[in-house]
Amino acid sequence: MKEIAARIHDRTYEIASLLEPVDEAFLARRPGADKWSVNEILGHLCDSALNNLPRFIVTRYAEQPAVFQPYKQNEWVAAQDYRHTPSQEIIALWGSLNRQAARAIASITPEQGDLLCKIGENEPVTLRWLIEDYEEHLEHHLGQIVRLKERFEGE
């Protein structure tokens, strides 16, 4: 778990360095009518951290399997209006939430990694699987952000 935590922690600084000098208009620009802007993608990752951090903690002491409700990602992004939120606020929030998630992940023992959690109607998964999936999800969306930056810089 410590390796995953270290990677997540380091990525917060890498992405902040990549995005902080970027024009605000670019970060709010949607690549398509039904696509999220960079601000919205990063905001979605804030929401993911807000929903997963309690799962990383509560699963350790809850009755097994720990049960959590899913969240509606599109509704969360819209309700928080990330598209019109200053990018520096979103970058700072995302970094803080993920550094906290990394601290929580780093403190998970191998035995705790085998504990079970259940989200909505899905089958129970181990805490280890949930954390690995969280990192994969994070990297997927960070890859989208990097590709959007490269695409719009080329215009």
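Here are some worked exercises on a predicted model, to be followed with the structure open beside you.

**Exercise 1. The nonpolar core**

Task: Find which residues touch the most other members of the largest nonpolar core, and which elements supply this core.

Solution.
- Step 1: Start with the members. The largest nonpolar core has 44 residues, and Leu-19, Leu-42, Phe-56, Trp-94 and Ile-131 touch the most other members.
- Step 2: Now look at where the core residues come from. At least two residues each are supplied by α1 (2-19), α2 (24-28), α3 (38-58), β1 (66-68), α5 (87-106), β2 (116-119) and α7 (127-153).
- Step 3: Weigh the contributions. The largest share of this core comes from α7, with nine residues.
- Step 4: Set this beside a general tendency. In soluble globular proteins, nonpolar side chains tend to be buried together.

**Exercise 2. Around Trp-94**

Task: List the residues in contact with Trp-94, leaving aside its neighbours within four places in sequence.

Solution.
- Step 1: Select Trp-94 and leave out the neighbours within four places; the contacts are then Arg-11, Thr-12, Ile-15, Leu-42, Leu-45, Cys-46, Leu-138 and Leu-142.
- Step 2: Pick out Cys-46 from that list. Cys-46 has 0% relative accessibility, so this residue counts as buried.
- Step 3: Turn to another cysteine, Cys-117, which is also buried, with a relative accessible area of 0%.
- Step 4: Check for disulfides. With a cut-off of 2.5 Å between cysteine sulfur atoms, the count is zero.

**Exercise 3. How α3 packs on α7**

Task: Work out how α3 and α7 are oriented to each other, and which residues make the contact.

Solution.
- Step 1: Recall what is needed. Two packed helices are described by the angle between their axes and the distance between the axes.
- Step 2: Take the values. The angle between α3 and α7 is about 170 degrees, and their axes are 10 Å apart.
- Step 3: Apply the cut-off. Angles over 145 degrees count as roughly antiparallel, and α3 and α7 are therefore roughly antiparallel to each other.
- Step 4: Inspect the contact. From α3, the residues include Leu-42, Leu-45, Asn-52 and Phe-56, and from α7 they include Ile-131, Tyr-134, Leu-138 and Leu-142.
- Step 5: Sort the contact residues by class. The contact of α3 with α7 has 14 nonpolar, six polar and one charged residues.

**Exercise 4. How α1 packs on α5**

Task: Repeat the analysis for α1 and α5: what are the angle and the distance between axes?

Solution.
- Step 1: α1 and α5 pack with their axes 8 Å apart, at an angle of about 170 degrees.
- Step 2: That angle makes α1 roughly antiparallel to α5.
- Step 3: Among the contact residues are Ile-8, Thr-12, Ile-15 and Leu-19 of α1, together with Ile-91, Trp-94, Asn-98 and Ala-102 of α5.
- Step 4: By class, the contact of α1 with α5 divides into 11 nonpolar, four polar and three charged residues.

**Exercise 5. Two polar residues**

Task: Decide whether Asn-98 and Thr-59 are buried or exposed, then find their contacts.

Solution.
- Step 1: Place Asn-98 in helix α5. Its relative accessibility is 0%, so Asn-98 counts as buried.
- Step 2: Beyond neighbours within four places in sequence, Asn-98 is in contact with Ile-8, Thr-12, Leu-45, Ala-49, Tyr-134 and Leu-138.
- Step 3: Move to Thr-59, in the loop between α3 and β1. Thr-59 is buried, with a relative accessible area of 0%.
- Step 4: With neighbours within four places left aside, the contacts of Thr-59 are Pro-54, Gln-64, Ala-66, Phe-68, Leu-115, Leu-116, Cys-117 and Leu-127.

**Exercise 6. Backbone exceptions**

Task: Find which peptide bond is cis, and which residue has a positive phi although it is not a glycine.

Solution.
- Step 1: Keep the usual case in mind. Most residues other than glycine have a negative phi, and most peptide bonds are trans.
- Step 2: Look at the bond from Gln-64 to Pro-65, which is cis, with omega near -10 degrees. Pro-65 lies in the loop between α3 and β1.
- Step 3: Next, examine Asp-81, which has a positive phi of about 50 degrees. Asp-81 sits in the loop between α4 (73-80) and α5.
- Step 4: Finish with accessibility. At 37%, Asp-81 counts as partly exposed.

Terms used: Residues are numbered from 1 along each chain as its sequence is written. This is a predicted model: local features need pLDDT of at least 70, side-chain atom pairs count only at pLDDT 80 or more; totals for chains, interfaces and linings use all residues. Side-chain values use heavy atoms; hydrogens and water are left out. A nonpolar core is a set of buried Ala, Val, Leu, Ile, Met, Phe, Trp, Tyr and Cys residues joined through side-chain atoms within 4.5 Å. Buried means under 20% relative accessible area, exposed over 50%, partly exposed in between (1.4 Å probe, protein chains only). Helices (H or I, at least four residues) and strands (E, at least two) are DSSP runs, numbered from the N terminus. Contact means heavy atoms within 4.5 Å. Axes are lines fitted to C-alpha atoms, for helices over the stretch in contact, and angles run from 0 to 180 degrees between N-to-C directions. Angles under 35 degrees count as roughly parallel, over 145 as roughly antiparallel, 65 to 115 as roughly perpendicular and the rest as oblique. Ala, Val, Leu, Ile, Met, Phe, Trp, Tyr, Cys and Pro count as nonpolar, Asp, Glu, Lys and Arg as charged, and the others, Gly among them, as polar.
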